[in-house]
Amino acid sequence: MSAATAVLRRFKFSREVVLLGVLIVLMFVMSLLSPLFFTVGNLLNTSRFFVEVGLMALGMTLIIITGGIDLSVGSNVALVSVAVGFTYAAGLPLPLAIVFGLVVGLAAGLFNGLFITLLDLHPLVVTLGTFALFQGLAYGLSNAQAVSDFPDWFAYFGQAYFLNVVPGQLFIFILAVVVVWLILSRTRFGRYVYAIGNNEEAAHFSGVPVRRVKLALYSGIGLLVGMAAVIYTSRVYTARGDSGLGLELDVISAVVLGGASIYGGSGTIGGTVLGVLIIATLRNGLVLAGVPSTWQVFVLGVLLLVAVFLNEFFRRREE
Amino acid sequence: MSEVQAPTPTEGGTTIGTGLRRWLVRPEAPALVFLAVLLVAFSLSSDKFLSGSNLESILVSVAVLGTIALAVNQVILCGEIDISTGSMMGLCAVAAGAVATSTGGLILPLLTGVAVGALAGAVNGLLATLGRIPSIIVTLGMLYALRGVILLVTGGSWITGIPDETRVLGTGSVLGIEYPVFVLLILFVVMELVSRHSTWGRNVFAVGGNRRASRLAGLPIDRVRFTAFVLVGVFVGIASIIYLGRAGSVQTNTGTGLELQVVAAVVIGGTSISGGRGSTLAALTGAVLIGVILNGLILLGVPGIWQDAVLGALILLAVATDVLRRRLLGDKS
Amino acid sequence: MYRSAWGVKIVRVALLMALVLVAASCGVGQQPSQGGSGGGGPKKICMMPKLVGIPYFNASEKGAEEAAKDLGVELVYDGPTEAKAALQSQMIEQYIQQQCGAITVAANDPDALAPAMKKADEAGIATGAWDADVAKDARDVFVNQATFDAIGKELVDVMAEQTGGKGEFLVVTGSLTAPNQVAWLKAMREHMKSEYPDMSIASVEPGEEDLQLSLDITKNYLRANPDTAGVFGITSVSLPGAAEAVEQEGLEDDVAVTGLGVPSDMKPYVNSGAVDKFVLWNPVDLGYLAVHVANAQIEGNLPKSGTFKAGRLGKVELLAEDEVLLCPPLVFTEKNIGEYDF
């Protein structure tokens, strides 16, 4: 197995180098299209946006490696946002409301996990259902209203600056990246994840606790969603039932762009992080270049298709 | 309500017993039972429910949904999925609407809508078969890409002033039945015949039921799947003319959210998401069920903002019921 | 094998870059008023509607572009594709990076946009709102199309005319948090209480600026509540939706429909009789005025009271130190609807 793993390791390494190259070229192109792009202020401002997508993409990477998917993350953000805001408005002290929100995110992920593992259901249809369910609950429970009068310190999560320049949530993101990377590449759990993705039946027969791993993955992304939602709510300073809509496209695109195969079995945290950066750069660069928002929707859709196509095309050629 | 005898070719593994058990094993059974229960419950709690006009309006409101569901049903049956239908419908409506406002008539806009739909479906099909991209990703990307195309093509403006002659399929009636219902029922019959009696239709079940076996048996898997995607486009085109008739104008966000309702209808009606098991009746039942539920909720005074939550809960309930039912009946597949 | 691996990588990068370049370069041409100089070039005014893609905001864009051309300033007019405050907030942050001289926004939610607007203010950008206000401390000036009272009063008066001053009514609004819609509702209720005590608003439903949704809401409501005397559609999207619903149900003679609408959309309904009269102001002029005000903010010569000269609109009134008024609301009927081209 060692020769194959050596090739595999070089294979993974080379993909990340390519992505880094793509990112650098992309930033160069964007700075050509608008001189405002390559300023420290702009780059750091962009990082605010991608922390939320990035946190969720970390969890999504592991799920996609196992061959699953979670379409409900965007709606889960809305649910957590409403949970935090409206319990606070109802009288709960804000710190407790935040913890409650994290619990709600975790519980929602657990709900997905239970449906998928206990009933052996396809994650696609389960998360499609919860995509609608969570969104509907968020919208209905908030009665299409919003909560905005948070105390000043709440802005800390989403709007703070360290040393007046670096956005605060960047540190949370870096910490999360390190933790998830360690889990995936240095623990037995991480190897279980890859094993399930490569061949679930074989993994099961080798003693991998498939059900428990999956349960942990879907709950884990629920927790990450909770964190992202709190940061998001703090950044826009409002809890609304339509928060986080459409984020699942960015999250899945980032993971797929980062080299994870949608069929499962491969993917790295490094690749995902680069994928997140590329998408954030693209979104930000397009706006600065004066591209109307109507074009951005189109570009992202096409990007997702091209990214997956290239991934699979080259993967098959290299096999 | 419809034919009961013809056993579906896909009930592998079940010990088919007598009468009731045979009926319960049919994929549409839970949905039909649920539908009957709801009809009774709603008519008891609101006297406005069981009026002829209300029932007919339910069918009219799900005509667009049902038409598209009939075709997406085939895609799901062969083991794929299509969540781009909302944006596809918007694009077809824009194309058909543009033609209608410049040349009028019914046939030309209809053909335009169908052509645009078929083209979009073909792109889906090509990317999924030759491109080897999983259909969930293909149609997710297309959902956004096509929405972008709509925004670009319309420049943000609406298309208004659809001439009355184009709106016939949405507002007229024939033999006392409103056109949308009429079209839906005709398409249902056509689809049922194609699904059960054409080579392609039976191949769809085979490919969805066991792709490896189908490949070994020499079935043209890629062509089967490609045709399913194109068919969705055709049906979406037809549905867009019905929509034009009913709404009278096209917005830039026309069709948003429709894709979820379509998949919900198919799945709730009893077609299995893993492919190979289901029927055309399931798609129709699911669409009607959704229409009944949404209508009933409004009559009961439930605020509209809860609709999505109900829809999501129904999808989960449907798939869970399907699994539990099969386990209870000893179906090991 | 090593060489082909590199070849593969290069092709991959090239393809991805080609895609990005094609997409970006296609898009760059779309904004004709976006120059490349950024820093020391002409003044840049960044204007944001609630959403793009509806005739009302397309009309204001026309007026805004007209004013920008007259004044010789650069205009960036863009908004989210859905009426969502969170998307607007994000765009405002990006506008800040684009070094706009002034940012003016039509808000979907007054408080959600406040942090972003305050940040713009701290960056030295002139802040303003138009059509729908943000929180008062988050902007320097608000361009209001007509006082909330005047709009509410006119709407109720028009409806009272058609229903004999009594009955229960449905209101289809855009979103339950849009500040202008909230203010109009309040004015409507007050006016009903004082002038028409037999009129009351039975229900308020959000149509989310979606035509089909507004249509379905109206239809379902009228079926469930057949005694409804009339429907108010208080956005340019919900009014045609409500009118279409009434027409399809055949209730033109039984249910009165009025509200705020754009003449070009409402012509078929006025002709068919579903709607007798409806109310608006001139959105082209509103966009025009908003750009003039923003320009005056940048130049520092916006007066604090009295009147303000705004190009072809002549003298425009300042209601307060921070509020500019466009005009009294217009009532459109069968007779005058042909005179307008928006």
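Start by selecting Glu161 and Lys277 of chain C: in this predicted model, the side chains of Glu161(C) and Lys277(C) meet in a salt bridge, 2.7 Å from N to O. Colour by secondary structure and you'll see that the pair links distant parts of the chain, with Glu161(C) in helix α5 and Lys277(C) in strand β10 (residues 277-280) of chain C, 116 residues apart. Glu161(C) is exposed, at a relative accessible area of 56%, while Lys277(C) counts as partly exposed at 23%.

**Stay on helix α5**

Keep α5 of chain C (residues 148-163) on screen and add Lys153(C) and Asp157(C), which both lie in that helix, four residues apart, or about one turn. Residues three or four places apart in an α-helix point the same way, because there are 3.6 residues a turn. Here Asp157(C) and Lys153(C) form a salt bridge, with the closest N and O atoms 3.1 Å apart. Is Asp157(C) buried or exposed? Its relative accessible area is 19%, so Asp157(C) is buried, the cut-off being under 20%. Lys153(C), at 40%, counts as partly exposed.

Next, pick Arg139(C) and Asp133(C). Their closest N and O atoms are 2.7 Å apart in another salt bridge, and here both Arg139(C) and Asp133(C) are buried.

**Zoom out to the sheet of chain C**

Switch to cartoon. Chain C has ten helices and 14 strands. Look for the open sheet of eight strands, in the order β2-β1-β3-β4-β5-β13-β12-β11, with mixed pairing. Its edge strands are β2 (74-77) and β11 (306-309) of chain C, each of which pairs on one side only. Sight across the sheet and follow the twist, which averages 25 degrees from one strand to the next.

Now go in on β1 (residues 44-48) of chain C. Strand β1(C) pairs with β2(C) in the parallel sense, over four bridges. To see one up close, select Met47(C): which residue of β2(C) is the bridge partner of Met47(C)? That's Tyr77(C).

Bring back the helices. Helix α2 of chain C (residues 55-71) packs on the sheet and touches β1, β2 and β4 (126-130) of chain C, with its direction at about 170 degrees to that of β2(C). Then show α3 of chain C (residues 85-97), which lies across β1, β2 and β3 (102-105) of chain C and runs at about 175 degrees to β1(C).

**The disulfide**

Still on β1(C), select Cys46(C) and Cys100(C) as sticks. A disulfide joins them, S to S 1.8 Å. The pair ties together parts that are 54 residues apart in sequence, because Cys46(C) lies in strand β1 of chain C and Cys100(C) in the loop between α3 and β3 of chain C. Check the dihedral too: at -85 degrees about the S-S bond, the link of Cys46(C) and Cys100(C) is left-handed. Both cysteines, Cys46(C) and Cys100(C), are buried. Over all chains, the count comes to one disulfide.

Before leaving chain C, try colouring by accessibility: 61% of its 342 residues count as buried. If you have a contact map handy, residues 24 or more positions apart account for 71% of the contacts in chain C with a separation of 6 or more.

**Over to chain B**

For contrast with that disulfide, select Cys78(B) and Cys92(B). Why is there no bond from Cys78(B) to the closest cysteine sulfur, in Cys92(B)? The two sulfurs are 20 Å apart, which is too far for a bond. Cys78(B) is buried, with a relative accessible area of 1%, and Cys92(B) also counts as buried, at 0%.

Next, select helix α2 of chain B (residues 29-45) and put a distance label on its end C-alpha atoms. The end atoms are 24 Å apart, which agrees with the 24 Å that 17 residues should span at 1.5 Å a residue. Then highlight the buried residues of α2(B): Ala29(B), Ala31(B), Leu32(B), Leu35(B), Leu38(B) and Phe42(B). What covers them? The cover includes α1 (19-25), α13 (258-269) and α14 (280-299) of chain B.

Last stop: select Glu80(B), Arg211(B), Asp222(B) and Arg225(B), which are linked in a network of salt bridges. If you want to keep hunting for pairs, the structure holds 21 salt bridges over all chains.

How values were computed: Residues numbered from 1 in each chain as written. Chains lettered and ligands numbered in written order. Predicted model: local features only at pLDDT ≥ 70, side-chain atom pairs only at ≥ 80, totals over all residues. Heavy atoms only, no water. Pairing = 2+ DSSP bridges. Helix = DSSP H or I, 4+ residues; strand = E, 2+ residues; numbered from the N terminus. Axes fitted to C-alpha atoms, helices over the stretch in contact; angles between N-to-C directions. Contact = heavy atoms within 4.5 Å. Expected span 1.5 Å × (residues − 1). Buried < 20%, exposed > 50% of the residue type's maximum accessible area, 1.4 Å probe, protein only. Disulfide = S-S within 2.5 Å. Salt bridge = Lys/Arg side-chain N within 4 Å of Asp/Glu carboxyl O.
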